[in-house]
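Here are my notes on this one, as numbered points. Have the model open while you read.

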Amino acid sequence: MNCSLVKISARAVALLALGAFTGAASADTLLIERVQHESRITLPERGLGMAEVEARFGAPAERLDPRGGQKRQWPTINRWVYPDFTVYFENSRVIDAVANRATAGEVGPKPAIR
């Protein structure tokens, strides 16, 4: 087989693969893009206590079982699930709040482990 023909064939395969990958990636909506465009969702700030979060946002839809705490260097992490976001607490203070996935086609965090 001619060497130049092999190079052209390899380039064609690479371009086809790249085109297929680009088409699939553009169909997904990234969670971070949705959150940046949706300013209506107000998330709890870091450092708020559990009582403050509940006073501002109401009772969570679900309080998941705490994780960690087996050793001193592993603090207890509590998770509260609201319809639009999940709040993560280290002991009793907010360490993060993450917007929940809106649709099945959206690329974002996996559902919380129950």
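1. Start with Asn100, whose side chain makes a polar contact of 2.8 Å with the side chain of Thr86. By polar contact I mean a pair of N or O atoms within 3.5 Å, where, within protein, one must be able to donate a hydrogen and the other to accept it, and where residues adjacent in sequence count only if both atoms are side-chain atoms. The Asn100 side chain also reaches the backbone oxygen of Tyr82, at 2.9 Å.

2. Before going on, a word on provenance: this is a predicted model, local features need pLDDT of at least 70, side-chain atom pairs count only at pLDDT 80 or more, and totals for chains, interfaces and linings use all residues. Residues are numbered from 1 along each chain as its sequence is written, and side-chain values use heavy atoms, with hydrogens and water left out.

3. Where does Asn100 lie? Look in the loop between β5 and β6 (106–107); helices (H or I, at least four residues) and strands (E, at least two) are DSSP runs, numbered from the N terminus. Asn100 is buried, with a relative accessible area of 19%. The cut-offs are under 20% for buried, over 50% for exposed, and partly exposed in between, using a 1.4 Å probe and protein chains only. Asp84 is 16 residues away from Asn100 in sequence, yet 5.5 Å away in space, C-alpha to C-alpha.

4. Now the sheet: four strands, open, in the order β2-β3-β4-β5, with antiparallel pairing. β2 (62–67) and β5 are at the edges with a single partner strand each, so one side of each has no neighbour in the sheet. Strand to strand, the twist averages 20°, with axes as lines fitted to C-alpha atoms (for helices, over the stretch in contact) and angles from 0 to 180 degrees between N-to-C directions.

5. For the register, β3 (residues 77–81) and β4 (residues 85–90) are joined by five bridges, and Ile77 has Glu90 as its bridge partner. Two strands pair if DSSP finds at least two bridges between them. A hairpin of three residues leads from β3 to β4. Between β4 and β5 (residues 93–99) there are six bridges; among the partners, Phe85 stands opposite Ala99 and Tyr88 is matched with Asp96. Check Asn91 in the β4–β5 hairpin, which has two residues between the strands: Asn91 takes a positive phi near 60°.

6. How many aromatic pairs does the structure hold? Four, taking rings of Phe, Tyr and Trp (its six-membered ring) with centres within 6.5 Å, and calling planes under 30 degrees apart stacked, over 60 edge-to-face and the rest tilted. Phe57 and Tyr82 have ring centres 6.4 Å apart and planes at 65°, so this pair is edge-to-face. Phe57 belongs to helix α3 and Tyr82 to the loop between β3 and β4, 25 residues apart. Tyr82 is buried at 4% relative accessible area, whereas Phe57 is partly exposed at 24%. Ring pairs link both of them with Phe85 into a cluster.

7. Last one: the charged end of Arg63 sits over the ring of Trp80, 4.4 Å from its centre. The criterion is NZ of Lys or CZ of Arg within 6 Å of the ring centre and within 35 degrees of the ring normal.
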